[in-house]
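This briefing collects points of local geometry and packing, grouped by topic, for a reader who has the sequence and the model at hand. The metal site comes first, followed by aromatic pairs, a helix and several individual residues.

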Amino acid sequence: MVRKMIRTVATTPFDDQRPGTSGLRKKVSVFQQPHYLENFVQALFDTLPGARGKTLVLGGDGRYYNDRAIQVILKMAAAKGFGKVLVGRDGLLSTPAVSCLIRKYRAFGGIILSASHNPGGPDGDFGIKYNTGNGGPAPEKLTDQVYRNTREITRYLIADVPDVPLGRLGNHALGDMVVSIIDPVADYAGLMESLFDFDRIRDLLEEGVFTLCYDAMHAITGPYAHAILEDRLGAPPGTVINGTPLPDFGGGHPDPNLTYARELVEIMNALSAPDFGAASDGDGDRNMILGKRFFVTPSDSLAILAANAALAPGYREGLKGVARSMPTSRAVDQVAASLGIPCYETPTGWKFFGNLLDAGKITLCGEESFGSGSDHLREKDGLWAVLFWLNIIAHRRLSVEQITREHWQRHGRHFYSRHDYEGMDTHIAMEILADLRDRLPRLKGRRIGDHGVVLSDEFSYTDPVDGSVSEHQGIRIGFEDGARIVFRLSGTGTSAATLRIYLEKYEPDPARHDQDTQAALADLIRIANELSGILARTGRGGPTVIT
Ligand code: VG1
Ligand code: CO
């Protein structure tokens, strides 16, 4: 780069740039403050020695400010000395596609612009996250360093070059750096084709007896789903709904759950419902799986994928092991035990699966928050889960409900629900957790109602690969019948606090598998409310979102 093209801009630190569960997420208006994005990107680049001449992958979920942020980051990447940046056309790349590209092209790393399932638009949220050379989210060691840098930053470097036309495929020179605008879908679709039995799925769809509806929620997976489900697999046009990414996601909340994916839920609850329904989130890493008038919890979905993995060509060799985040139900643990493979329990957030995947200790992993994935990438992957389910159905020729019920018969059912209290005063939320923490030593051995407490602690994780320790990962209370309550605060919100309460109860008896989930968990819900004192402290009689 010609030196005079690089400008050094003096700046001062912002005090709120600590990355959360998944990158830095803030209101768009916060990111629009002068120097805000630049400071964070420079703080990140300052932690990346050895990037000179290397390749970076860059894209986002198309939300408002995506295009502007990409132009800024490209100019800063040129100043940093990157050799090449791969950018999805129009600045679009799903989170799993970024992971795929980093791995396929052996890139140095990647930047994903997304606030995932958080709403978008000028009044919505924006976010930025960095993935390392393995294709996975930066580990805490790196994000902690980025945060420290943001506290001390005094300058950033940016190249004085024109904007790049993001809609034009091909190579563009930006000083000495090449910006390569690529088709966002092709590499990812190729990877999916290598993992699943596309012929079998095509047969299933072409026979016309099996119908599906995929809701892209006006977010990033639209182009991927059109290309894979309709073009490659032959599902009829119209199978994908809300398939055009919009900067404000059509005013919706691109969160694939029973509350926010309302349109799909209505379609799947109708008398004429298709056989299979699915939705993904803003950046394409989450999935929700539905059958005709039937909901599969994400925890069950992970267990069912694990139990049926050998039906998919990519997993025919069997699974090395599985992992789930701590609050995720233990349905997958049952499958692991029956397969005789290890099952790991990690803190919330995909970054904790990276080492286990890299070390070859696990093949599949997932979280209760509508995320599942495998060693094909280092991110959770929404469409991958959808294709996995289609692959299983194409082989077994059973409905989603039949597959799930059969699974419960064999392994028992884990009644599971998460209650979110959103928009809570941060101070009160912290106080609730602090009080619970104080009471933990006194809870063990006590009886609460009919339930004897056998475990009461705060989850701390020691990574089995690198030995790093992550503390304060959720308060858990376990009962003698295997039931559990977990409390933790969300690390992805952008305003106020969200208290999450996770509830789980194991029911081995098939005669009791038909209960309504909230009814089956009623006891636990009452205990959780009593222990936390939410009503007394906040006046709230119930959660804002139940998943
Ligand atoms: C939430 C989920 C967590 C997930 C994270 C990122 O985090 O609970 O399981 O990994 O979102 O997913 P938190 O800290 O708010 O509970 V995504 O699709 O938003 O990148
Ligand atoms: Co997401």
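Along the chain, the donors of the cobalt ion (ligand 2) follow the spacing S-x164-D-x1-D-x1-D. The model is a predicted one, and in it these protein donors are Ser-116 (OG), Asp-281 (OD), Asp-283 (OD) and Asp-285 (OD), which lie 2.0 to 2.1 Å from the cobalt ion (ligand 2).

**The cobalt site and its donors**

- Ser-116, which supplies its OG atom to the cobalt ion (ligand 2), is found in the loop between strand S5 (109-113) and strand S6 (125-131).
- With a relative accessible area of 3%, Ser-116 is buried, and its phi is near 55 degrees, a positive value in a residue other than glycine.
- Two of the aspartate donors can be described in the same terms of accessibility: Asp-283 counts as buried at 4% relative accessibility, and Asp-285 is buried with a relative accessible area of 3%.

**Backbone angles**

- Most residues other than glycine have a negative phi.
- Against that background, Asn-242 has a positive phi of about 50 degrees although it is not a glycine, and Asn-242 is found in the loop between strand S11 (240-241) and H9.

**Helix H9 and the strands it packs against**

- In helix H9 (residues 262-269), the residues Leu-264, Val-265 and Met-268 are buried; they cover an arc of only 100 degrees around the axis, so they are on the same side of H9.
- The other side of H9 carries Arg-262 and Glu-266, both of which are exposed.
- The packing partners of the buried residues of H9 are strand S10 (212-215), strand S12 (276-280) and strand S13 (287-291).

**Aromatic pairs and a charge over a ring**

- A search of the whole structure finds 19 aromatic pairs, and one of them is formed by Phe-14 and Tyr-36, an edge-to-face pair with 4.7 Å from centre to centre and 65 degrees between the planes.
- Phe-14 lies in the loop between strand S1 (6-10) and strand S2 (24-27), whereas Tyr-36 lies in helix H2 (residues 36-45), so the pair ties together parts that are 22 residues apart in sequence.
- Phe-14 and Tyr-36 are both buried, and ring pairs link these two residues with Phe-31, Tyr-65 and Phe-126 into a cluster.
- The rings of Trp-384 and Phe-388 have their centres 5.3 Å apart and their planes at 85 degrees, and therefore this pair is edge-to-face.
- Trp-384 and Phe-388 are 4 residues apart in helix H13 (residues 382-396), which means that about one helical turn separates them.
- Trp-384 is buried, with a relative accessible area of 0%, and Phe-388 likewise counts as buried at 0% relative accessibility.
- Apart from ring pairs, Arg-413 lies over the face of Trp-408, at 4.0 Å from the ring centre.

**Arg-488 in strand S25**

- Arg-488 is found in strand S25 (residues 484-489) and is buried, with a relative accessible area of 10%.
- The side chain of Arg-488 makes a polar contact with the side chain of Tyr-502 at 2.9 Å.
- When neighbours within four places in sequence are left aside, the residues in contact with Arg-488 are Thr-21, Pro-327, Thr-348, Leu-433, Gln-473, Gly-474, Thr-498, Leu-499, Arg-500 and Tyr-502.
- By way of a long-range reference, the C-alpha atoms of Arg-488 and Gly-91, which are 397 residues apart along the chain, are separated by 34 Å.

**Ser-329 in a loop before helix H11**

- Ser-329 lies in the loop between strand S15 (322-325) and helix H11 (331-339), where it counts as buried at 1% relative accessibility.
- The side chain of Ser-329 reaches the backbone nitrogen of Ala-331 at 3.2 Å.
- Not counting residues up to four places away in sequence, Ser-329 touches Ser-299, Arg-324, His-414, Tyr-416, Arg-484 and Glu-504.

Key: Residues are numbered from 1 along each chain as its sequence is written. Chains are lettered from A and ligands numbered from 1 in the order in which they are written. This is a predicted model: local features need pLDDT of at least 70, side-chain atom pairs count only at pLDDT 80 or more; totals for chains, interfaces and linings use all residues. Side-chain values use heavy atoms; hydrogens and water are left out. Buried means under 20% relative accessible area, exposed over 50%, partly exposed in between (1.4 Å probe, protein chains only). Helices (H or I, at least four residues) and strands (E, at least two) are DSSP runs, numbered from the N terminus. The arc is that of the directions from the helix axis to the C-beta atoms. Contact means heavy atoms within 4.5 Å. Donors are N, O and S atoms within 2.8 Å of the metal (3.2 Å for Na, K and Ca); water is not among the atoms, so sites may look incomplete. Rings of Phe, Tyr and Trp (its six-membered ring) pair if their centres lie within 6.5 Å; planes under 30 degrees apart count as stacked, over 60 as edge-to-face and the rest as tilted. A charge sits over a ring if NZ of Lys or CZ of Arg is within 6 Å of the ring centre and within 35 degrees of the ring normal. A polar contact is a pair of N or O atoms within 3.5 Å; within protein, one must be able to donate a hydrogen and the other to accept it, and residues adjacent in sequence count only if both atoms are side-chain atoms.
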